[in-house]
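This report goes through some local features of one protein model. Look at the structure below before reading on.

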Amino acid sequence: MAVYVMSDLHGDWAHFRLMLMRIRFSSRDQLYIIGDAVDRGPHGIRLLHYIQKQQNMTLLLGNHELMLLEGLQACGDALDADWFDPATFAELSQLSPAARGELASYLSALPVFLNISAGGQSYFLVHASPAPPGTEGEQLLEYLLWTRVSPDDRFSRPVIAGHTPTAYYQSKTPLRIWRNGNFTDIDCGTAFRSVLPGGCLACLRLDDGREFYV
Ligand SMILES: [Mn+2]
């Protein structure tokens with residue numbers, strides 16, 4: 001049994017499936033997807049439905065899941081394109097109001113961070129950034145879902161996040177996982193591969209630190 005993390009799938013169903021084959025993901029393994037399965041690419045809702053059905057896959061809330069949830073709650077039964085990413089709106093339009101309601105329930109129950117252990121090490125998983133101790137309410141959500149970690153930030157325990165394509169920190173092509181002290185960013189920009197040279201989907205196996213790319 002192995003523990004894997006991915007992030008920022010952004011509707012990229014094809015590379016997600018390719019990665020599952022690459023790592024030979026099995027029912028005995030565990031996968032954590034650290035937010036932003038939806039928007040930009042064409043299959044975000046398909047990904048959400050698939051992930052929801054898997055016993056051994058856990059999705060954390062990303063800022064794009066939060067925006068989707070807010071749109072669904074604001075629209076009720078009458079979908080309004082202004083609330084959604086165009087690709088996501090196209091998928092949502094194919095769902096019944098009841099199915100959209102079930103999707104909103106799923107999204108509203110997603111964790112915003114998780115503490116897990118793998119390979120004898122503990123990890124703090126969060127979409128964007130940990131928050132300073134004592135941060136609460138809207139400000140806490142701002143950190144967890146939106147804030148870009150600075151190369152100068154230091155954390156007292158291992159943190160794994162996505163949200164910021166690693167091209168922000170380093171000029172490796174193709175993009176590679178970025179490790180800086182206790183901080184690891186695994187968003188290698190699969191959503192931007194058409195405009196960002198070297199964009200790809202990364203997967204990290206926590207048991208031994210091995211990196212996979214497709
Ligand atoms: Mn994000």
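Where is Pro-174 found? Pro-174 sits in the loop between β6 (159–161) and β7. The model is a predicted one, and the values in this report are computed from it.

**Backbone exceptions**

Most peptide bonds are trans, and most residues other than glycine have a negative phi. The bond that joins Thr-173 and Pro-174 is a cis peptide bond, with omega about -5°.

Two residues have a positive phi although neither is a glycine: Asp-8 and Arg-40. For Asp-8 the angle is about 50°, and for Arg-40 it is about 75°. Asp-8 has its place in the loop between β1 (3–6) and α1 (13–22). Arg-40 belongs to the loop between β2 (30–33) and α2 (44–53).

Are these two residues buried or exposed? The cut-off for buried is under 20% relative accessible area. Asp-8 has 2% relative accessibility, so Asp-8 counts as buried. Arg-40, at 41%, counts as partly exposed, because partly exposed covers the range between buried and exposed.

Arg-40 also appears among the contacts of a histidine, His-64. His-64 is found in helix α3 (residues 63–75) and is buried, with a relative accessible area of 9%. Leaving out residues up to four places away in sequence, His-64 touches His-10, Asp-36, Val-38, Asp-39 and Arg-40.

**The sheet**

Strands of a sheet pair through backbone hydrogen bonds, either parallel or antiparallel. In this model, five strands form an open sheet in the order β4-β5-β6-β8-β7, and the pairing is mixed. β4 (113–118) and β7 (178–180) are the edge strands, since each pairs on one side only. From one strand to the next, the twist averages 20°.

β4 and strand β5 (residues 121–126) run antiparallel and are joined by six bridges. One residue pair shows this link: the bridge partner of Ser-117 is Ser-122, in β5.

**Aromatic rings**

How many aromatic pairs does the structure hold? There are eleven aromatic pairs. One of them is Tyr-169 with Trp-178: the ring centres are 3.9 Å apart and the planes meet at 5°, so this pair is stacked. Tyr-169 and Trp-178 are both buried.

Trp-178 also pairs with Phe-183. Here the centres lie 6.1 Å apart and the planes are at 70°, so the pair is edge-to-face. The cut-offs explain the two labels: planes under 30 degrees apart count as stacked, and planes over 60 count as edge-to-face. Trp-178 has a relative accessible area of 10% and is buried; Phe-183 is buried as well, with 2%.

Ring pairs link these residues into a cluster made up of Phe-155, Tyr-168, Tyr-169, Trp-178 and Phe-183.

**Charges over rings**

Two arginines lie over the faces of tyrosine rings, as the table shows.

| Arginine | Ring below | Distance from ring centre |
|---|---|---|
| Arg-148 | Tyr-168 | 5.8 Å |
| Arg-176 | Tyr-213 | 3.7 Å |

Tyr-168 therefore takes part in two features: Tyr-168 belongs to the ring cluster, and Arg-148 lies over the face of Tyr-168, where a charge within 6 Å of the ring centre can count as sitting over the ring.

Conventions:
Residues are numbered from 1 along each chain as its sequence is written. This is a predicted model: local features need pLDDT of at least 70, side-chain atom pairs count only at pLDDT 80 or more; totals for chains, interfaces and linings use all residues. Side-chain values use heavy atoms; hydrogens and water are left out. Rings of Phe, Tyr and Trp (its six-membered ring) pair if their centres lie within 6.5 Å; planes under 30 degrees apart count as stacked, over 60 as edge-to-face and the rest as tilted. Buried means under 20% relative accessible area, exposed over 50%, partly exposed in between (1.4 Å probe, protein chains only). A charge sits over a ring if NZ of Lys or CZ of Arg is within 6 Å of the ring centre and within 35 degrees of the ring normal. Two strands pair if DSSP finds at least two bridges between them. Helices (H or I, at least four residues) and strands (E, at least two) are DSSP runs, numbered from the N terminus. Axes are lines fitted to C-alpha atoms, for helices over the stretch in contact, and angles run from 0 to 180 degrees between N-to-C directions. Contact means heavy atoms within 4.5 Å.
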